[in-house]
Amino acid sequence: MLGPLSAFTLLEAAGPDAHDMHHLALGMAGRIAADLGATVIRATPAGDDPLARIPVLPWEADGPPAAVAGFLDASKTLMPLDPADGDMLASLAAVADGVLTVGEFLPDPELRRVSVRLASLPAGHPLAPPGGPPIGELGLLALSGLLDILGDPAREPLALGGHQAAYTAGLACFAAMMTGLAGRRAHGGGDAYDVNMLDVLVWVNWKAVGAAAFRPEDHVSRQGAAAEWQVLKVADGWIALVFNERDWPQLAEMVGHPILAEPDLRTGAGRAPRRAEYMPHIEAWAAQRTRAEIYRDAQARRVPIGPVVEPSEIPE
C-alpha cells in the first residue's frame, strides 16, 4: 500500500560536522518520512556509523547492539559514504526531492529541492562555535530550562530519559520538510529551512517559559519535596502522584487518612504550607501498595496517577 509520501525521495546526510545527537535527530525525521512511504536514502559515515553504537539510553554503556540504528533505519536505503566524497553526495542530492543535513547546505542554486539544515544553537548565540565549546544534549536541556523543572533543588539536576533533545528536534526537522514538500508541490520550487535544537527545546518547555514571563508567582522551577506532584516509592517501584484540584476529594478518600479530609487541604493554596505535614501519610500509603493496585484504585476514581515503568516493561 502506497503511503502519502510515496512520490518523494529524501536524502538524509548528516555530514562531517554532525554530533551523535544530530544523527539521532535526522534519523528520526527520516524514519517518520519512510513510515509514510517516502524513499529515504541515508548516507552513513563509512566505517563509523554513530547510530550503530549509540545506546538506547545515554547512561547504558551496554545494550542491544545497533538497536538505535535498527529502529531509525527501518525502511531506509543505506549508502556508506566517505564524508569527503562530495561528488557522490551531490549525485545523491540531485535525485532527491528533499535533503536533511547538518552544516553547509548542499549546493542547489535553482532551489529545486527542499533543504532542512539542523544546528545545535541559533546563529549568533554566545555559545555557538567558534565562540564557545561544543554543546551536547545535556547542555541544551539546561539552556532551555527543562532541567530546572525536574528533581530536587538541593541535588544535582536530572536529565530527561532517553534522547529527548534529539528526537524532538527530529520532529521539528520532519515538520519543516513537510512544509517544504507541500510548497514544492504547490509552486514547483524548493525552499531552505534552518532548525536549531535549542529553539525546539524552548518550545517543548513552553508552559514553564510562559509562566515565568506572565505568572512568576507560580514558581515553575523544580521544588523537590515542596512540589504538589511528586514521584513516590511503592512496593514494586514508583508512581507519579498527579491530580487536578477537583481530584483531591477522591485522592483523600483513596488514601484514607483523616488529615487529608480537612477543609483547608481542598485547595492548592491551603495544601502548600502543609506539604510536610500531609505528604508523609500519602508516602506511607503508597509504600504498602504495588503500582498495579494504586493504578487500579486511582482509575476507578478518575485520579490520573500513573505508574513509572522501565523500558523493558513496555510491550513490543
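Biologist: Which residues lie nearest the centre of the largest pocket?
Modeller: This is a predicted model, so a word on the rules: local features need pLDDT of at least 70, side-chain atom pairs count only at pLDDT 80 or more, and totals for chains, interfaces and linings use all residues. Residues are numbered from 1 along each chain as its sequence is written, and side-chain values use heavy atoms, leaving out hydrogens and water. A pocket is an open set of points on a 1 Å grid over the protein atoms alone, with protein on both sides within 12 Å along at least five of seven lines, and its lining residues have an atom within 4 Å of a point. The largest pocket has 50 lining residues, and those nearest its centre are I149, L150, G151, W229 and V231.

Biologist: How much space lies in the largest pocket?
Modeller: Among the elements (DSSP runs, H or I of at least four residues for helices, E of at least two for strands, numbered from the N terminus), α7 (206–214), β7 (230–234) and β8 (237–241) each give at least two residues to the lining of this pocket. A volume is the space filled by probe spheres set on the grid points, joined across faces, edges and corners. For the largest pocket that comes to about 2,300 Å³.

Biologist: How many residues of each class are in the lining of the largest pocket?
Modeller: Ala, Val, Leu, Ile, Met, Phe, Trp, Tyr, Cys and Pro count as nonpolar, Asp, Glu, Lys and Arg as charged, and the others, Gly among them, as polar. On that scheme the lining of the largest pocket has 28 nonpolar, 10 polar and 12 charged residues.

Biologist: And what volume does the second largest pocket have?
Modeller: The second largest pocket is lined by 21 residues, with L118, A119, S120, L121 and P129 nearest its centre. Strands β5 (114–119) and β6 (192–196) each supply at least two residues of that lining, which divides into 12 nonpolar, 5 polar and 4 charged residues. Its volume is about 530 Å³.

Biologist: Which residues line the largest cavity?
Modeller: A cavity is a set of points where a 1.4 Å probe fits but cannot get out, and a search of the whole structure finds 1 of 30 Å³ or more. The largest cavity has a volume of about 40 Å³. Two or more of its lining residues come from each of α1 (20–35) and β2 (39–45). The full lining is E12, A14, H23, L26, R42, A43 and L51.

Biologist: M28 is found in helix α1, so is M28 buried or exposed?
Modeller: Buried means under 20% relative accessible area, exposed over 50%, and partly exposed in between (1.4 Å probe, protein chains only). M28 has a relative accessible area of 12%, so it is buried.

Biologist: Why is the pair of F243 and W248 tilted?
Modeller: Rings of Phe, Tyr and Trp (its six-membered ring) pair if their centres lie within 6.5 Å, with planes under 30 degrees apart stacked, over 60 edge-to-face and the rest tilted. The search of the whole structure finds 2 aromatic pairs. For F243 and W248 the centres are 5.6 Å apart, and the class is tilted because the planes stand at 55°.

Biologist: Which residues form the aromatic cluster?
Modeller: W248 also pairs edge-to-face with Y278, at 5.5 Å centre to centre and 75° between the planes. This pair links distant parts of the chain, with W248 in helix α8 (residues 248–255) and Y278 in helix α10 (residues 275–287), 30 residues apart. F243 is buried at 4%, W248 is buried at 1% and Y278 is buried at 1% too. The cluster is formed by F243, W248 and Y278.

Biologist: Which residue lies over the face of W248?
Modeller: A charge sits over a ring if NZ of Lys or CZ of Arg is within 6 Å of the ring centre and within 35 degrees of the ring normal. K233 lies over the face of W238, 5.7 Å from the ring centre. Over the face of W248, at 4.6 Å from the ring centre, lies R271.

Biologist: How far apart are the end C-alpha atoms of helix α5?
Modeller: The expected span is 1.5 Å times one less than the number of residues. Helix α5 (residues 164–187) has 24 residues and should therefore span 34 Å, which agrees with its end C-alpha distance of 35 Å.
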